[in-house]
Amino acid sequence: MTHIKKMPVRPPAAEIDALAKFSPATIHEAQGRRGAISSRIKPVDYRMKLCGPAFTVRCAPRDNIMLQLAINYARPGDIIVVSAGEYEEAGSFGDVLANACLAKGIGGLVTDSGVRDTLQLRELGFPVFSLSVCIKGTVKETLTSTNDPIVVGGELIHPGDIIVGDADGLVVVRQEEAREVARLSQAREEAEAEYIAAYKAGKSVIEVSKLDAVLKAKGLIVEV
């Protein structure tokens, strides 16, 4: 069934901004090591970052008509998240559509298919995270729907969930958990700052990480 649906509820801008301060790795750890999208999906440029609500769309493999409709109906700041069956042999997005996204203020693209025109994408600076880079063209045939729950990179993503990405990869945060995850991420960063300060003060990794009891229990023998 073809159905263009709006994002049910967009998270408050303040909650998106709060999460944007943290790396996906920090967020993943802070929320109990949940939400990491497959490491196979990477940015086309290491400098690219994104953070925003997921505008989800399901595409048929080697078909980008629904991606184009998603671009048409997404709002500024949205992250278009495409489920296309992990089909790598298609360049379903390139510099022309990136310019369309930039003109609308869309916040980025995540796809489990391929993209092309990566040199131009880097020059444009529009954040694109993809499963592959492929020059092969696509068709415009199969209509599906937008803003349904989808699975991308092994993670279930609901429309309005917050997607955060940087050079290391991507993480998804449930919309209803965003405020708490931001709090936990801040606490984790503060703890890590204390670890770094301790190292600079001359403490060892074993001291800082409190490994003495663990290593003793495991029977570690150190030859000196």
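These legends go with close-up views of a predicted model.

**View 1. Asp78 and Arg10, a salt bridge across the sequence.** Here the two side chains meet with N and O 2.6 Å apart. Asp78 sits in the loop between helix 3 (65-73) and strand 3 (79-83), while Arg10 belongs to the segment before helix 1 (13-20), so this pair ties together parts that are 68 residues apart in sequence. How do the partners compare in accessibility? Asp78 is buried, at a relative accessible area of 0%, whereas Arg10 comes out as partly exposed at 27%. The pair is worth a look as an example, since the structure holds 13 salt bridges.

**View 2. Arg179 and Glu15, helix 6 to helix 1.** The closest N and O atoms of this salt bridge are 3.3 Å apart. Arg179 is in helix 6 (residues 178-200) and Glu15 is in helix 1, so the bridge ties together parts that lie 164 residues apart in sequence. Arg179 counts as exposed, with 64% relative accessibility, but Glu15 is buried at 14%.

**View 3. Arg47 and Asp45, with a network to look for as well.** Arg47 makes a salt bridge with Asp45, and their closest N and O atoms are 2.9 Å apart. Is each partner buried or exposed? Arg47 is exposed, at 56% relative accessibility, and Asp45 is buried, at 7%. Then there's the network: Arg40, Glu86 and Glu88 are joined into one by salt bridges that share partners.

**View 4. The largest nonpolar core, with 24 residues.** Which members touch the most others? They are Leu67, Ile80, Phe93 and Leu109. Strand 2 (50-58), helix 3, strand 3, helix 4 (95-104) and strand 4 (108-115) are the elements that each give two or more residues to this core. Helix 3 supplies the largest share, with 4 residues.

**View 5. Phe93 and its contacts.** Zoom in on Phe93, one of the core members that touch the most others. Setting aside neighbours within four places in sequence, Phe93 is in contact with a list of residues including Leu67, Ile71, Ala98, Cys101 and Leu109. Also among its contacts are Gly114, Val115, Arg116, Leu121, Phe126 and Val128.

**View 6. Another core, apart from the largest one.** This one has 15 residues. Look for Ile150, Val152, Leu170 and Val172, which are among its members.

Methods. Residues are numbered from 1 along each chain as its sequence is written. This is a predicted model: local features need pLDDT of at least 70, side-chain atom pairs count only at pLDDT 80 or more; totals for chains, interfaces and linings use all residues. Side-chain values use heavy atoms; hydrogens and water are left out. A salt bridge is a side-chain nitrogen of Lys or Arg within 4 Å of a carboxyl oxygen of Asp or Glu. Buried means under 20% relative accessible area, exposed over 50%, partly exposed in between (1.4 Å probe, protein chains only). A nonpolar core is a set of buried Ala, Val, Leu, Ile, Met, Phe, Trp, Tyr and Cys residues joined through side-chain atoms within 4.5 Å. Contact means heavy atoms within 4.5 Å.
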